[in-house]
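Let's take a walk through this model, starting with one sheet and ending at the ligand. Keep the structure open as you read.

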Amino acid sequence: MSDIASLDLATQTRDLLSGLGVDERRLSAQGAAIPVRSPVNGQMLGHVASATAEETNATIERAHAAFLAWRRIPAPRRGELVRLLGEELRANKDALGRLVSIEVGKSPSEGLGEVQEMIDICDFAVGLSRQLCGLTIATERAEHRMMETWHPIGVVGIISAFNFPVAVWAWNAALALVCGDSVVWKPSEKTPLTAIATDAILRRAIKRFNASGDAAPDGLAELAVGGRETGAALVAHPRVPLVSATGSTEMGRIVGRELASRFGRAILELGGNNAAIVTPSADLDLALRGVAFAAMGTAGQRCTTLRRLFVHSSVYDAFVPRLKAAFSSVSVGSPLDGHLVGPLIDHAALERMQEALAAAMEFGATVHGGERVDVGAPQAFYARPALVETPVHDGPVLDETFAPILYVLSYDDLEDAIALQNDVPQGLSSAIFTTDLREAELFLSARGSDCGIANVNIGTSGAEIGGAFGGEKATGGGRESGSDSWKGYMRRATNTINYGRDLPLAQGVTFDV
Ligand code: NAD
């Protein structure tokens, strides 16, 4: 067990970045630079330059010019670049995974898992590069053919959140690049170092791509480090037809409105207030493990973190005390030392957690845990996960507090529990623990969960890339990653071709001149 305060994460970070070919001067920017601390022990890792408005605009113009060239490259060749990116990520998985752990405070396993997710989406996108297919549609007119084609859309702006600092870029960029788009990435100002590292890995892939006889145009995949004003510049720019924005609902409300005002397209991946239901027939051992990881993993800082739990009154006394024991015994401390619950991202996150717990008590809740845990590093903010038994589905229960708080309620009727589960602004992820087929199917039916993700006997977090990822209502309605999410990164044209000698009009309309 290391002494957390004296852990030299700054030197480790420098070594990891220089191993990836990043000039170490990028960590010592002067002036209006972004300070970066590790949440693991609060140590300052460096200061990173923030793009000016002029630089961001120039980056977007470069990306637009790149798009005009890139769309001419056949999609399977574009896939070759993404294949090489996947290879480079495999080769640098340990270094990038470690950086994610240092910059966000994730466990080594989760840091590596995040990079694996990037590799997985690259593999998916490579296959997709030969499958960007439209329909042929029956036409009512003789000697005509109707079909749809999918074309690249242009510059895709990617705005990402701190908690998946690099995977979210890959979900978007791998698809956008095979679709023929260029990308400009505005990472979270809390995690610019992993973005710089990812950019360096991408440069290696581009170099190899160009060496093999292809030409990735300058400006094809750009990085614009900065705060929300840099994101706002992307959102406002008329050369950016699509912005994929991941973050809080508050951010999405602003970004969505701005894009709509100029008819720009949005993929919004916003906050969740995810719930699970434990029914009388549930396998309680399995439910315990599923709930524990979903509620406490990543210190409650996943958009899919389990935040509300409805337990049937007949199993409440058999289940909840075991869950309480798991919450009170889980190890809290440096994730780099093997603890399961790591730090919150910053002091503000700890404050918001404490405020939510105080508000829950005002609504009559009993709070177990939730206190700050002293790890011997005053600038690091750790908390014991809180299990909150609440008599009402009200107050802070209705909000997403980005911290490990699980509100637990008892229910008697499954339809009531489903109604309560759906009775929040967000609609991202949900789960039911049951061995009763009727209960499982009801939950998955049109009368069941209203979320973009609905699971049976699995927690709410930990999605695979093969499925479409995203949620409804205040979660924004966007879909990323697998299934047919690629369609969001292209524009669709319907083509009708007349190969006859007559000109019949649709709907039998006549117009004889
Ligand atoms: P945040 O909203 O504070 O910031 C997210 C990103 O948006 C950052 O890059 C930030 O600079 C940018 N931003 C903020 N305001 C902006 C504006 N007005 N214009 C343009 N850009 C702006 O979120 P966070 O604290 O980094 O992340 C946590 C939140 O993200 C949680 O709500 C979580 O649920 C959500 N999240 C959602 C998903 C999903 O897929 N649904 C995934 C990860 C995180």
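Before we talk about who sits next to whom, one working rule: two strands count as paired if DSSP finds at least two bridges between them. Bear in mind too that this is a predicted model.

## A strand with neighbours on both sides

Start with strand S10, residues 274-278. On one side, S10 runs parallel to strand S18 (residues 429-433), with four bridges joining the two. Ala275 has Ser430 as its bridge partner in S18. S10 also runs parallel to strand S11 (residues 306-312), this time with five bridges, and here the partner of Ala275 is Arg308.

How do you get from S10 to S11? Helix H10 (residues 284-296) joins them in a right-handed β-α-β unit.

## Covered on both faces

Is S10 buried or exposed? It is mostly covered, with five of its five residues buried. In a regular strand, side chains alternate between the two faces of the sheet. For S10, Asn274, Ala276 and Val278 belong to one side, Ala275 and Ile277 to the other, and all of them are buried.

## The whole sheet

Zoom out and S10 turns out to be part of an open, seven-stranded sheet with mixed pairing, ordered S12-S15-S16-S11-S10-S18-S19. The edges are strand S12 (366-368) and strand S19 (453-456), each of which pairs on one side only. From one strand to the next, the twist averages 20°.

Elsewhere in the sheet, strand S15 (residues 386-389) and strand S16 (residues 405-411) are parallel and share four bridges. One pair to look for is Leu387 with its bridge partner Leu406 in S16.

## Helices on the sheet

Helix H11 (residues 313-329) packs on the sheet and touches S10, S11, S12, S15 and S16. The direction of H11 makes about 145° with that of S11.

Helix H14 (residues 437-444) packs on the sheet as well, touching S18 and S19. Its direction makes about 175° with that of S19.

## Around the ligand

Which residues come closest to the ligand? They are Ala161, Gly231, Gly247, Glu269 and Cys303, out of 29 that surround the ligand. Two elements give two or more residues to this shell: helix H8 (228-236) and helix H9 (249-261). H8 gives the most, with four residues.

As for chemistry, the shell has 13 nonpolar, 11 polar and five charged residues.

Conventions: Residues are numbered from 1 along each chain as its sequence is written. This is a predicted model: local features need pLDDT of at least 70, side-chain atom pairs count only at pLDDT 80 or more; totals for chains, interfaces and linings use all residues. A residue is buried if 20 or more other C-beta atoms lie within 10 Å of its own, exposed if 12 or fewer, and partly exposed in between; C-beta atoms are placed from the backbone. A crossover is right-handed if, with the strands pointing away from the viewer, the path from the first strand over the helix to the second runs clockwise. A residue is near a molecule or strand if its C-beta atom, placed from the backbone, lies within 6 Å of it. Ala, Val, Leu, Ile, Met, Phe, Trp, Tyr, Cys and Pro count as nonpolar, Asp, Glu, Lys and Arg as charged, and the others, Gly among them, as polar. Axes are lines fitted to C-alpha atoms, for helices over the stretch in contact, and angles run from 0 to 180 degrees between N-to-C directions. Two residues are in contact if their C-beta atoms, placed from the backbone, lie within 7 Å.
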